[in-house]
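Please read the following as a guided walk through one model, taken step by step, with the sequence and the structure open beside the text.

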Amino acid sequence: MSGITGRTEAVETFFRRTKQNLVGNEWLPAASGREAVVTDPSTGAPLMSVAESGSEDVDRAVWAARRAFESGPWSKLLPYERSRILLRLVDLLEANRDELARIEAIDSGKPLTQARYVDVPLAIQQFHSYAGLVTKLGGRTITPSCGYMAGTRFHAYTTKSPVGVAGLITPFNFPLLLGAMKLAPALAAGCTVVLKPDERAPASSVRLGELCLEAGVPPGVVNVVLGGPEVGAALAAHQQVDKIAFTGSTEAGRTVLEAAAGNLKKVSLELGGNSPNVIFADANLPAAIAAAGAGAYTNAGECCVSGARVLVQDAVYDQVLEGLVAYARGLKLGPAGDEETQLGPVITEEHLGRVQNYLAGAEAAGARSLTGGKRVDRRGYFLEPTVVTDAKLDSPFMKDEVFGPVAKVVRFRDWNELVAIANDSVYGLAAGVWTENLGNAHRTAEALKAGTVWVNCYNVFDPDLPFGGYKQSGWSRESCPEALDLYCETKTVCMAI
């Protein structure tokens, strides 16, 4: 064990236990008996042992979910009863929120304050919101106007029913929150699920599974399978899975989509981003600079909506650049469990090398790192927060999702140039706009090709705000009432009167 700060006795005990798969109401080792070691991003030392699952483990979890869906009580419970169980889960999440925050921070490398005040509360809000929507889920009545059948009247209505078994595949950067964004609507709709967390940060998903059982979720309704990409591929391809919800890279999303094609299962994808955070000359600069820094460096930049591309109008370019450099230099780096940490490590040694390769390539092509860019001389996977200018707009560094604590600063002259630069991306997940001109705010928000545009704010999330992207940032919208439809089938009933 790595012995970092931020642990309580309960958290220490939790990490000492080998993490196994939840199948039905049992915690089982991998069928192969193999285990893998998850490292602590803050130290590089072993953190915990987990089941190293394979396709056989996926199969038994999927069949547990299938049996629970076909013969178990969950999908047949009255909406009120399903809502009560979800509310019990909310109460348990609230009661264990400090422990969950510590587990999430240590496992994924994020600052404890972020896990405590952002990630865990937002996850709880997801379950609370969908618990309230369970009793509101229903169809509508329709009066058809079938002109070609004169003299015949019709009565028609629609119903909503759960799609069946849902496979939920989540990433390492926000395991609990993104798991909640999928699990909450799936359970609210009446589905049974198999949750596959990222192998680099599975701990909070295991704890969530424990709390689901404690809340009274029936056996087989929530199953958790641990393992690497082959587990996700097996889940996506399984013929008894009716729906896949995936969050991860665009490249991995394509793989999931191909695997899911076998039985034409429903698929929703929340994928990569390379979001522009636009600062106009008339912006409130102190607020804009602080938000640009937070947008680029929150979660060590390992955030799909990271405002990595900071686009600044030339009249205030130097001022914003100076402020952003000062912001980066002022961040306190430290281990995830430290109360004072503002910037933690990236997730693995491999990922740290990937980010460094992007920086090296950009600098070789003429870009300049005004601050940061170097690995921190300490245990763990720490990279200094970095500000880069003069990068070529058509370079991989500018085009790709770097996914690290890196701000790519670009100058623009006028509105037309800004829109062209901002939209010149295969991604379209999010964007930020900073201006004091209301008309400029509206027309820029309309012009930007992004699923979410924040104006004079950034990284604002709520269960009523649809979340998802344009272009190669994915399909569909999560974290909103409409997300229930991702886990439902709609049936039309039409009667001749």
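In this predicted model, strands S10 and S11 pair in the parallel sense, and 5 bridges connect them. One residue pair that can be picked out along this pairing is threonine 247, whose bridge partner in S11 is glutamate 270. Together with helix H9, the strands S10 and S11 make a β-α-β unit, and this unit is right-handed.

S10 also has a strand to pair with in S7, which covers residues 165-169; S7 and S10 run parallel and are joined by 4 bridges. Here glycine 167 has isoleucine 244 as its bridge partner in S10.

How many of the residues of S10 are buried? The strand, which spans residues 243-247, is mostly covered, with 5 of its 5 residues buried. In a regular strand the side chains alternate between the two faces of the sheet. In S10 both faces are covered, since Lys243, Ala245 and Thr247 are buried on one side, while Ile244 and Phe246 are buried on the other.

Between helix H9 (250-260) and strand S11 (266-270) there is a loop, and lysine 265 is found in it. Which side chain of opposite charge is nearest to this buried lysine? It is aspartate 242, but the distance is 8.0 Å, and lysine 265 has no salt bridge. A salt bridge would call for a side-chain nitrogen of Lys or Arg within 4 Å of a carboxyl oxygen of Asp or Glu. What the side chain of lysine 265 does reach is backbone oxygen: that of alanine 236 is at 2.7 Å, and that of histidine 238 lies 3.1 Å from a polar atom of the lysine side chain. Leaving aside residues up to four places away in sequence, lysine 265 touches a number of others, among them Val241, Asp242 and Ala260, and its contacts also include Lys243 and Ile244, two residues that are buried on opposite sides of S10.

Another part of the model holds an open sheet of 3 strands, in the order S5-S6-S22, with antiparallel pairing. Strand S5 (141-142) and strand S22 (488-496) stand at the edges with a single partner strand each, so one side of each of them is left without a neighbour in the sheet. S5 is joined by 2 bridges to strand S6, residues 154-162, and the two run antiparallel. Within this pairing, isoleucine 142 stands opposite alanine 156 in S6.

Technical notes: Residues are numbered from 1 along each chain as its sequence is written. This is a predicted model: local features need pLDDT of at least 70, side-chain atom pairs count only at pLDDT 80 or more; totals for chains, interfaces and linings use all residues. Side-chain values use heavy atoms; hydrogens and water are left out. Buried means under 20% relative accessible area, exposed over 50%, partly exposed in between (1.4 Å probe, protein chains only). Lys and Arg count as positive and Asp and Glu as negative; His and the chain ends are not counted. A polar contact is a pair of N or O atoms within 3.5 Å; within protein, one must be able to donate a hydrogen and the other to accept it, and residues adjacent in sequence count only if both atoms are side-chain atoms. Contact means heavy atoms within 4.5 Å. Two strands pair if DSSP finds at least two bridges between them. A crossover is right-handed if, with the strands pointing away from the viewer, the path from the first strand over the helix to the second runs clockwise.
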